[in-house]
Amino acid sequence: MKVKDLTLHRTPAHKIVPQHSKYDIIGLIGQGQFGRVFCGIDRATGQLVALKELSHQRSPTHKFLQELGSLLTLRHPNIVACQALEHTATGRYLVMDYCEGGTLRSLLEQDSALNLAEGLRLTIGILAGLDYTHQRGIIHCDIKPENILLNLGNAGWLPRLSDFGIAQRVREAKSDSRGVPSPDASMGSPAYMAPERFYGLYSPASDVYAVGILLFELLIGQRPFTGYPGKLMWAHMNQRLELPVTIPQALQAIVKQSLEKLPARRFTTAAEMAKALRQAMEDPRVKEFKDRRLPLDNVPESVIIKPLPGANRAVLPAPLTCLASSETFVYGALAAEVRIWPANRQPLIKVSLPAPVTQLQPQSQGCLIHTPQQLYWLGADEWQPRSLLNVGMPDQENLGDNAGASSAYKAAIDPDSRWLAVAMGGQLRFYSLAALRSAKSDEPPQLPVRMLALGEETLPEIMFLDRRHLLAVWQDLKKNQTLFRVYTRRGTQLGLLSLPVVCKENSYGRPWTLTDEPYTLFGIEQTPKPTVLRIRLHPLQVTRIPLETVPVCWAAVQGGCVIANAQGEILFLDLQGRRVGTLKGTKTPLAIAGWGANGLAIATHLNGQGYYLYCLEVEGARLG
């Protein structure tokens, strides 16, 4: 993953990190055992980093140097690398790789976020990182979901070990000969500690045991032993391990061996356990379960959202070429005609255009209408389209070296309907929407307020994140990569983000949907297994939500998004990507849009019966 500065509103650095620091702080992203963790930006390179604050009170100097010494020697894809040490007069910080997927704990707390195959691959990745550290004489001593960070890779989540604050060198491993609990036993996480750890004994087998607890938790949804530290110590040393019969025998054998009470009976190395997991993945019973959601015995509760009485059904002469909505209106395009259904069910409004409509972008004050050659503005109380800009043939005077470029374009307006952005001819142009709307037909064409070169051969999708910031998105199918660039309205590029994903286009050609949560997008990942991607840009955070069926259309609604499959089942997700409920709609939906707090507009095609638009309100659909 390639990351550069995507800052929109930075937290003043002097409030957290002194002004002479080379890093700016975006925000707090976590709380570690020894201090806070921030998302920051290297001022020189624009790279996103994690800044781990290590306070003198919580982390003595020898512990600080211990973690630093461990991290500086470790370079492995499954280990979070330490890039630098930031030591100022007021604090100490480890500058670490930034992991946009958060922790494995946050992934486990999502609703069925992993299937069995993904969970086993994650475990194998953790073991690969551990085997690397063990070969270099380092025992992690604190393996738990909170210390496993996630990066988005080409094959899904890439796990990375972090927090080596209590790591031990093999030569430092010791045992308390008195057979009583050691003071060192207080360092670590009792829920994941091997029996010998309570007596101060450290070895690679202790880390293997912790991975066994983690694997048990992945498969079953809870840890094998619970309770207060004293009870946990007794359970780790004495309580018999019980596994549900639903777990395939090949996996049961691995969990049992990794959680043997005596270290000598466990897997000899982390690599040996990883090899056993890879072999188990070829077991017919495990293969049968590979697409089952974790935990394996989990049966998610289904919340049914019901439509309220009074749904409207409009008969359409042909399929809608566009469907979009604002708080008060539903807009649909039929070739060169725009139809508007007011939310209060007043009579249908019809507006004719001189050319086919290719896209509709409603706002509270009106709607931006795209045609192949022209942009129009339709005011919310005017109902007479006003020509804004000729985008069919870029004018030679303003294009300069780009004269003769393609006439294709992309356009977006800001939330206050004050500014229009147009990507065309290799340039990004900003116009005053008020000036375009007030211009007379006999006046010369309005010139852009400012222009800048895009620097890419293809045109991006563009959308305003807020009044001052515009997002441009390029998708590269060959490289399986999406580029995100943020620009200010003044044309300043703030930075670049590259993620190894590509999203499907929705019914009308847009792969990404901007939600009403600031700087947050939803998309449907273009993979054999349908997955929703939620990307929050500030600070960067990526969430993946697996779907059980293939979506055919989706849209942002107030407080989240809705996704419909070919059978007409509509899934509601909130802004965090959690499943809120489902609605049984009409079959073969072509497009969907939300209006108001709990309204839905659904365009359908019923074979042999024609095309329809359903406008309805649903109970419990307020997601925010």
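**Exercise 1. Trp383 and its backbone**

Locate Trp383 in the chain, then describe its phi angle and its exposure.

*Solution.* Start with the place: Trp383 sits in the loop between strand S18 (374–379) and strand S19 (386–390). Helices (H or I, at least four residues) and strands (E, at least two) are DSSP runs, numbered from the N terminus. A note on the source: this is a predicted model, in which local features need pLDDT of at least 70 and side-chain atom pairs count only at pLDDT 80 or more, while totals for chains, interfaces and linings use all residues. Residues are numbered from 1 along each chain as its sequence is written, and side-chain values use heavy atoms, with hydrogens and water left out.

Next, the backbone. Most residues other than glycine have a negative phi, and most peptide bonds are trans. Trp383 is not a glycine, yet its phi is positive, at about 65°.

Last, exposure. Buried means under 20% relative accessible area, exposed over 50%, and partly exposed in between (1.4 Å probe, protein chains only). With a relative accessible area of 25%, Trp383 is therefore partly exposed.

**Exercise 2. Cys141 and Gly425**

Is Cys141 buried or exposed? Work out the setting of Gly425 as well.

*Solution.* Cys141 lies in the loop between strand S7 (138–139) and strand S8 (148–153). Its phi is positive, about 75°, although Cys141 is not a glycine. The relative accessible area of Cys141 is 4%, so this residue is buried.

Now turn to Gly425, in the loop between strand S21 (419–424) and strand S22 (427–432). Gly425 has 7% relative accessibility and so counts as buried. Its C-alpha atom is separated by 7.6 Å from that of Tyr409, and the two residues are 16 apart along the chain.

**Exercise 3. Two cis peptide bonds**

Find the loops that hold Pro295 and Pro539, and describe the peptide bond before each proline.

*Solution.* Leu294 and Pro295 are joined by a cis peptide bond with omega at about -5°. Pro295 is in the loop between helix H8 (284–289) and strand S11 (312–316). The bond from His538 to Pro539 is also cis, with omega near -15°. Pro539 belongs to the loop between S30 and S31.

**Exercise 4. An open sheet of 5 strands**

In what order do the 5 strands of the open sheet stand?

*Solution.* Two strands pair if DSSP finds at least two bridges between them. The order is S2-S3-S4-S6-S5, with antiparallel pairing. S2 and strand S5 (82–87) are at the edges with a single partner strand each, so one side of each has no neighbour in the sheet. From one strand to the next, the twist averages 30°; axes are lines fitted to C-alpha atoms, for helices over the stretch in contact, and angles run from 0 to 180 degrees between N-to-C directions.

Then look at S6. S5 and S6 run antiparallel and are joined by 5 bridges. Ala84 is opposite Val95 in S6, and His87 is opposite Arg92 in S6. S4 is also joined to S6 by 5 bridges, and here Val49 has Asp97 as its bridge partner. 6 of the 6 residues of S6 are buried, so S6 is largely enclosed by the rest of the structure.

**Exercise 5. An open sheet of 4 strands**

Which strands stand at the edges of the sheet with the order S32-S33-S34-S35?

*Solution.* The pairing in this open sheet is antiparallel. Its edge strands are S32 and strand S35 (579–584), each pairing on one side only. The average twist is 20° from one strand to the next. S32 pairs with strand S33 (residues 560–565) over 6 bridges. Pro551 stands opposite Asn565 in S33.

**Exercise 6. The largest pocket**

How many residues line the largest pocket, and how do they divide by class?

*Solution.* On a 1 Å grid over the protein atoms alone, a pocket is an open set of points with protein on both sides within 12 Å along at least five of seven lines, where a 1.4 Å probe fits; lining residues have an atom within 4 Å of a point. The lining has 44 residues, and Ser325, Pro362, Thr513, Leu514 and Ala556 lie nearest the centre. By class there are 26 nonpolar, 13 polar and 5 charged residues. Here Ala, Val, Leu, Ile, Met, Phe, Trp, Tyr, Cys and Pro count as nonpolar, Asp, Glu, Lys and Arg as charged, and the others, Gly among them, as polar. Among the strands that each supply at least two lining residues are strand S12 (322–325) and strand S32 (551–557).
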